[in-house]
Amino acid sequence: MLSSFLKLFLALISTVFFFAVAVYPWASDDDFNGLRKNGDERFLDLVYFAVVSFSTAGYGDISPKSSRAKIMTSSFLLFVNIAAIYGMYSALIK
């Protein structure tokens, strides 16, 4: 059981970082509201945004503004939610 949980946890963490790395090069002030200007701070903002979005808290301090940011965010959340549901289902069945 712990092994399944650990695999799920690592998969979700790596997906959050993948989102931040994939979005970082093109994330601009035109794409997201609330991102800071500095490169390191912007990356941490994207990681924070991914975690808050995945947890469904959605505080609103950082939000997608452009169509491409909304599509990327929606795709990310769809993938993460499907993976989480599958992982939890698999862990419970074993």
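**Group meeting: the core, a buried arginine and a nonpolar patch**

Okay, so let's start in the middle: the largest nonpolar core has 18 residues, and those touching the most other members are Phe-19, Val-23, Ala-27, Phe-32, Leu-35, Leu-46 and Phe-76. Each of α1, α2 and α3, that last one being 67-93, supplies at least two residues of this core. α1 gives the most, with six residues. And yes, before anyone asks, this is a predicted model.

Let me pick out Leu-35 from that group. Leaving out residues up to four places away in sequence, Leu-35 touches Ala-27, Ser-28, Asp-29, Arg-42, Asp-45, Leu-46 and Ile-62.

You'll have spotted an arginine on that list, Arg-42. Arg-42 sits in helix α2, residues 39-54. So, is Arg-42 buried or exposed? With a relative accessible area of 9%, Arg-42 counts as buried, because the cut-off for that is under 20%. What does the side chain of Arg-42 make a polar contact with? That would be the side chain of Asp-29, at 3.2 Å. With the same sequence neighbours left out, up to four places away, Arg-42 touches Tyr-24, Ala-27, Ser-28, Asp-29, Leu-35, Arg-36 and Lys-37.

Now over to the surface. In soluble globular proteins, nonpolar side chains tend to be buried together. Here, though, have a look at Phe-5, Leu-6, Phe-9, Leu-10, Ile-13 and Phe-17, which make a nonpolar surface patch of about 590 Å². Take Phe-9, which lies in helix α1, residues 2-23. Phe-9 has a relative accessible area of 43%, so we call this one partly exposed.

Methods: Residues are numbered from 1 along each chain as its sequence is written. This is a predicted model: local features need pLDDT of at least 70, side-chain atom pairs count only at pLDDT 80 or more; totals for chains, interfaces and linings use all residues. Side-chain values use heavy atoms; hydrogens and water are left out. Helices (H or I, at least four residues) and strands (E, at least two) are DSSP runs, numbered from the N terminus. Buried means under 20% relative accessible area, exposed over 50%, partly exposed in between (1.4 Å probe, protein chains only). A polar contact is a pair of N or O atoms within 3.5 Å; within protein, one must be able to donate a hydrogen and the other to accept it, and residues adjacent in sequence count only if both atoms are side-chain atoms. Contact means heavy atoms within 4.5 Å. Patches are made of residues with over 30% relative accessible area and no salt bridge: like charges are joined within 9 Å, nonpolar side chains (Val, Leu, Ile, Met, Phe, Trp, Tyr) within 5 Å. Accessible areas come from the Shrake-Rupley method with a 1.4 Å probe; for residues, only the protein chains shown count as cover. A salt bridge is a side-chain nitrogen of Lys or Arg within 4 Å of a carboxyl oxygen of Asp or Glu. A nonpolar core is a set of buried Ala, Val, Leu, Ile, Met, Phe, Trp, Tyr and Cys residues joined through side-chain atoms within 4.5 Å.
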